[in-house]
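Work through the following exercises with the sequence and the coordinates at hand, and try each task before reading its solution.

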Amino acid sequence: MEVVIVKDAKAGGELIAGAVADLLARKPDALLGVATGSTPLPIYDALIAKVRGGGVDASRARICQLDEYVGLPAGHPESYRATVLRQVVEPLGLPAEQFMGPDGSAADVQAACEAYEEALAAAGGVDLQILGIGTDGHIGFNEPCSSLASRTRIKTLTEQTRIDNARFFGNDIEQVPHHVITQGIGTILDARHLVLLATGEGKAEAVAQTVEGPVASLVPASALQLHPRATVVVDEAAASKLKLAEYFRHAYDNKPEWQGI
Ligand code: PGA
């Protein structure tokens, strides 16, 4: 696992957008897995700016969702489909055919989960998966004690996650669904490159457990330790509980530039 400590969220966004740009230069139709929430927004802002500035051609990029609420009416503005369309797909100027996600309004949720697994495989797998992290260590919506081998399936949110996400629903926790579809941890680990961004002091404990704690389903993000190419990008606040922070800084400062992240 590589840990990169950056000055702030904007620098993290720039760094990761640069990695996406490098990927698209190598593989113009790369499948980019995107996360929702507040943390990844600086990545999307930086990527959109690069595309609009003409420095990056993302016209053939394909985008896929990590997770989705179950039971919101189709087209609900806080569904993750609507969110990713608004924050990523439309600003990049991509047609809806280059975007896929699980159907959170399907009558048969299990079938929707299986269909999404099949769609990801048929698309050739995810090339780069952007991840956030919950204060409880979740990735996607894989809450603590999710199987580290799990595939896309329905999960029940913890109350903490519903509280954390109430801000997207007018601060009314009653509006936050209890159920979600999420790529499983096994599904996420199939991506070729995992890039997790964490910013702010509220994530420091989850980051420390993810990077320096044991691999344990209690901290789902710790499964990144099992991936051959996982990059954790953290700002100073999110890095504040890392015992090896100085080593991570030293390693990155001395990394050959051509390696990227
Ligand atoms: P956040 O969400 O970026 O809004 O903090 C992260 C997550 O729950 O994965």
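**Exercise 1.** Locate Asp67 in this predicted model, decide whether Asp67 is buried or exposed, and list what Asp67 touches beyond its sequence neighbours.

*Solution.* Begin with the secondary structure, where Asp67 is found in strand 4, which spans residues 67-69. Next take the relative accessible area, which is 5% for Asp67; since buried means under 20%, Asp67 is classed as buried. Finally, once residues up to four places away in sequence are set aside, Asp67 touches Thr36, Tyr80, Gly140, Phe141, Ile181 and Thr182.

**Exercise 2.** Which residues are covered by the UniProt annotation "active site", and which residues of this set belong to the lining of the largest pocket?

*Solution.* The annotation comes from an unreviewed UniProt entry and covers Asp67, Asp136, His138 and Glu143. From this set, the lining of the largest pocket takes in Asp67 and His138.

**Exercise 3.** Describe the surroundings of Glu143 and of Asn142, giving for each the place in the fold and the degree of burial.

*Solution.* Glu143 sits in the loop between strand 6 and strand 7, and Asn142 is likewise placed in the loop between strand 6 (128-131) and strand 7 (153-156). The relative accessible area of Glu143 is 3%, so Glu143 is buried, and Asn142 counts as buried because its relative accessibility is 0%.

For the contacts, residues up to four places away in sequence are again left out. Glu143 then touches Asp136, His138, Lys155, Thr156, Leu157, Thr158, Thr161 and Pro220, a list that includes Asp136 and His138 from the annotated set. Asn142 is in contact with Ser150, Arg153, Thr182, Gln183, Gly184, Ile185, Ile188 and Pro220. For Gln183 the atoms can be named further, as its backbone oxygen lies 2.8 Å from a polar atom of the Asn142 side chain.

**Exercise 4.** In what order do the strands of the open sheet follow one another, and why do strand 1 and strand 5 each have one side without a neighbour in the sheet?

*Solution.* The open sheet is formed by seven strands in the order 1-10-9-6-2-3-5, with parallel pairing. Strand 1 (2-6) and strand 5 (99-100) stand at the edges and have a single partner strand each, so one side of each lacks a neighbour in the sheet.

Now follow the pairing inwards from strand 1. Strand 1 and strand 10 are paired in the parallel sense over five bridges, with Glu2 opposite Thr231 in strand 10. Strand 10 (residues 230-235) is in turn joined by five bridges to strand 9 (residues 193-198), the two running parallel, and here Leu196 stands opposite Val232.

The edge position should then be read together with burial: five of the five residues of strand 1 are buried, so strand 1 is largely enclosed by the rest of the structure. Glu2, Val4 and Val6 point one way from this strand, whereas Val3 and Ile5 point the other way.

**Exercise 5.** How many residues has the largest nonpolar core, and which helix gives the most to it?

*Solution.* The largest nonpolar core has 68 residues, and those with the most contacts inside it are Ile63, Leu196, Val234 and Leu242. Helix 1 (residues 9-26) gives the most to this core, contributing seven residues. A second, separate core has nine residues, among them Tyr80, Leu157, Phe169 and Val176.

To see one member of the largest core in detail, take Val234, which, leaving aside its neighbours within four places in sequence, is in contact with Val3, Val4, Ile5, Val6, Ala198, Val207, Ala239 and Leu242.

Terms used. Residues are numbered from 1 along each chain as its sequence is written. This is a predicted model: local features need pLDDT of at least 70, side-chain atom pairs count only at pLDDT 80 or more; totals for chains, interfaces and linings use all residues. Side-chain values use heavy atoms; hydrogens and water are left out. Helices (H or I, at least four residues) and strands (E, at least two) are DSSP runs, numbered from the N terminus. Buried means under 20% relative accessible area, exposed over 50%, partly exposed in between (1.4 Å probe, protein chains only). A polar contact is a pair of N or O atoms within 3.5 Å; within protein, one must be able to donate a hydrogen and the other to accept it, and residues adjacent in sequence count only if both atoms are side-chain atoms. Contact means heavy atoms within 4.5 Å. UniProt positions are given in the numbering used here, feature names are shortened, and annotations may be inferred rather than shown by experiment. On a 1 Å grid over the protein atoms alone, a cavity is a set of points where a 1.4 Å probe fits but cannot get out, and a pocket is an open set with protein on both sides within 12 Å along at least five of seven lines; lining residues have an atom within 4 Å of a point. A nonpolar core is a set of buried Ala, Val, Leu, Ile, Met, Phe, Trp, Tyr and Cys residues joined through side-chain atoms within 4.5 Å. Two strands pair if DSSP finds at least two bridges between them.
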